[in-house]
Amino acid sequence: YDNSSSAIGTLGDPYISDSVQSGTSQAASLFRAKALYGYNANPDDPNEVSFAKDEVMAIVDSNGKWWQVQKADGTVGIAPSNYLSTNI
């Protein structure tokens, strides 16, 4: 398909907004997850994030058992996917 005339995003994909493609703080707002349980990050792993039950986060990457999420305060880190639900 030819997306050159209908491009919205900076990389020419008409289905992805400029904010997603540029990696701004709203990048993951297309997909959100709600915490089913609270989680305390392992202090020995700086990549993990803590969150409270029912906290809603943006999903940055949902590949694997640990998803990369962005919290409302802008904190980005990994969270166990089995603690999250996309049915919100």
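Lys-34 has Val-56 as its bridge partner in strand S2. The model is predicted. Strand S1 (residues 32-35) and S2 (residues 56-61) run antiparallel and are joined by 3 bridges. S1 also pairs with strand S5 (residues 84-85), again in the antiparallel sense, over 2 bridges.

**Strand S1 and its partners**
- One face of S1 is covered and holds Ala-33 and Ala-35.
- The other face is uncovered and holds Arg-32 and Lys-34.
- Lys-34, on the uncovered face, is the residue bridged to Val-56 of S2.
- Ala-35, on the covered face, has Leu-84 of S5 as its bridge partner.

**Nonpolar core**
- The largest nonpolar core has 11 residues in all.
- Its members include Ala-33 and Ala-35, the two residues of the covered face of S1.
- Aromatic members are Tyr-39, Phe-51 and Trp-67.
- The rest of the core consists of Val-49, Met-57, Ile-59, Val-69, Ala-79 and Leu-84.
- S1, S2 and strand S3 (66-70) are the elements that each give two or more residues to this core.

**Contacts of Leu-84**
- Leaving aside residues up to four places away in sequence, Leu-84 touches Ala-33, Lys-34, Ala-35 and Leu-36.
- Under that same exclusion, Leu-84 also touches Phe-51, Met-57, Trp-67, Val-69 and Ala-79.
- Leu-84 is itself a core member, and its contacts include the core residues Ala-33, Phe-51 and Trp-67.

**Asn-47 in the S1-S2 loop**
- Asn-47 lies in the loop between S1 and S2.
- Asn-47 counts as partly exposed because its relative accessibility is 48%, which falls between the 20% limit for buried and the 50% limit for exposed.
- Beyond residues up to four places away in sequence, Asn-47 touches Gly-77 and Ile-78.
- Asn-47 and Val-76 are 29 residues apart in sequence, yet their C-alpha atoms are 8.2 Å apart in space.

**Whole chain**
- The protein chain contains 1 helix and 5 strands.
- Along the sequence, these elements follow the pattern α-β-β-β-β-β.
- Of the 88 residues in the chain, 27% are buried.
- The chain exposes about 5800 Å², and carbon and sulfur atoms supply 48% of that area.
- Among contacts between residues at least 6 apart in sequence, 36% join residues at least 24 apart.

Methods:
Residues numbered from 1 in each chain as written. Predicted model: local features only at pLDDT ≥ 70, side-chain atom pairs only at ≥ 80, totals over all residues. Heavy atoms only, no water. Buried < 20%, exposed > 50% of the residue type's maximum accessible area, 1.4 Å probe, protein only. Helix = DSSP H or I, 4+ residues; strand = E, 2+ residues; numbered from the N terminus. Pairing = 2+ DSSP bridges. Core = buried A, V, L, I, M, F, W, Y, C linked by side-chain atoms within 4.5 Å. Contact = heavy atoms within 4.5 Å. Areas by Shrake-Rupley, 256 points an atom, 1.4 Å probe, with all protein chains shown as cover.
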